[in-house]
Amino acid sequence: MSETRNLFKTIYFIYILFLIFMYTKIPDGNWDSYKDIDNIILRNLDHFILFFLLGAVAMYISSRLKVYDKYVISAFFISSTIELIHLFLPYRRFESIDLLFNITGCLFGIISLYYIRKNYGKTFN
């Protein structure tokens, strides 16, 4: 197993812990100062970017060029359930647009790395 893949696996799991912490912590208002923006895309771009990175790293560390790899499936699962957790947290608010941007960002990350790996032949043994 390559050392680069092991490094990215570690980054992947640390990043998942970071996302869970950030999306379940009690909001203090500092992170939501941009929520006053009227444009719905700009207001939710952070969700897209954060989960794009998650999907891209998941596809990068998958052992084969398969979308049904355990890392890719777990990234998609996390991107879809992390917003659903907000339904059960009294100090957080569920927003379907956030869920959409989470899933879309993750899918774009997975698809982007899929085509990069497919075109450049980057696979791990």
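Nine aromatic pairs are found in this predicted structure, where rings of Phe, Tyr and Trp (its six-membered ring) pair if their centres lie within 6.5 Å, with planes under 30 degrees apart counted as stacked, over 60 as edge-to-face and the rest as tilted. Ring pairs join Tyr-12, Phe-13 and Tyr-71 into a cluster. The model is a predicted one, in which local features need pLDDT of at least 70 and side-chain atom pairs count only at pLDDT 80 or more, while totals for chains, interfaces and linings use all residues. Residues are numbered from 1 along each chain as its sequence is written, and side-chain values use heavy atoms, with hydrogens and water left out.

Within that cluster, Phe-13 belongs to helix H1, helices being DSSP runs of H or I with at least four residues and strands runs of E with at least two, numbered from the N terminus. Phe-13 has a relative accessible area of 43% and is therefore partly exposed; on this scale buried means under 20%, exposed over 50% and partly exposed in between, with a 1.4 Å probe and protein chains only. Although Phe-13 and Leu-54 are 41 residues apart along the chain, their C-alpha atoms are separated by 9.7 Å.

The protein as a whole has five helices and zero strands, which gives the pattern α-α-α-α-α when read along the sequence. Of its 125 residues, 35% are buried. Among contacts with a separation of 6 or more, 71% come from residues 24 or more positions apart, a contact being heavy atoms within 4.5 Å. The protein exposes about 7800 Å², and carbon and sulfur atoms supply 68% of it, areas that come from the Shrake-Rupley method with a 1.4 Å probe, for which, in the case of residues, only the protein chains shown count as cover.

Tyr-71, already met in the aromatic cluster, is also one of the buried residues of H4, which include Val-72, Ala-75, Ile-78 and Glu-83. These buried residues pack against helix H1 (3-24), helix H3 (45-61) and helix H5 (96-120). At the N-terminal end of H4, Asp-69 acts as a cap, with a side-chain oxygen 3.2 Å from the backbone nitrogen of Tyr-71; a polar contact is a pair of N or O atoms within 3.5 Å, where within protein one must be able to donate a hydrogen and the other to accept it, and residues adjacent in sequence count only if both atoms are side-chain atoms. The 15 residues of H4 (residues 70-84) should span 21 Å at 1.5 Å a residue, and the end C-alpha atoms are 21 Å apart, which agrees; the expected span is 1.5 Å times one less than the number of residues.

The same check can be made on H5, whose 25 residues should span 36 Å and whose end C-alpha atoms are 36 Å apart. The buried residues of H5 pack against H1, helix H2 (40-43), H3 and H4, and among them are Leu-99, Phe-101, Cys-106, Ile-110 and Arg-117. Phe-101 counts as buried because its relative accessibility is 13%. Not counting residues up to four places away in sequence, Phe-101 touches Ile-40, Ile-41, Asn-44, His-47 and Phe-48.

Finally, the structure holds one salt bridge, defined as a side-chain nitrogen of Lys or Arg within 4 Å of a carboxyl oxygen of Asp or Glu. Glu-95 forms it with Arg-93, and the closest N and O atoms are 2.3 Å apart. Arg-93 counts as exposed because its relative accessibility is 61%.
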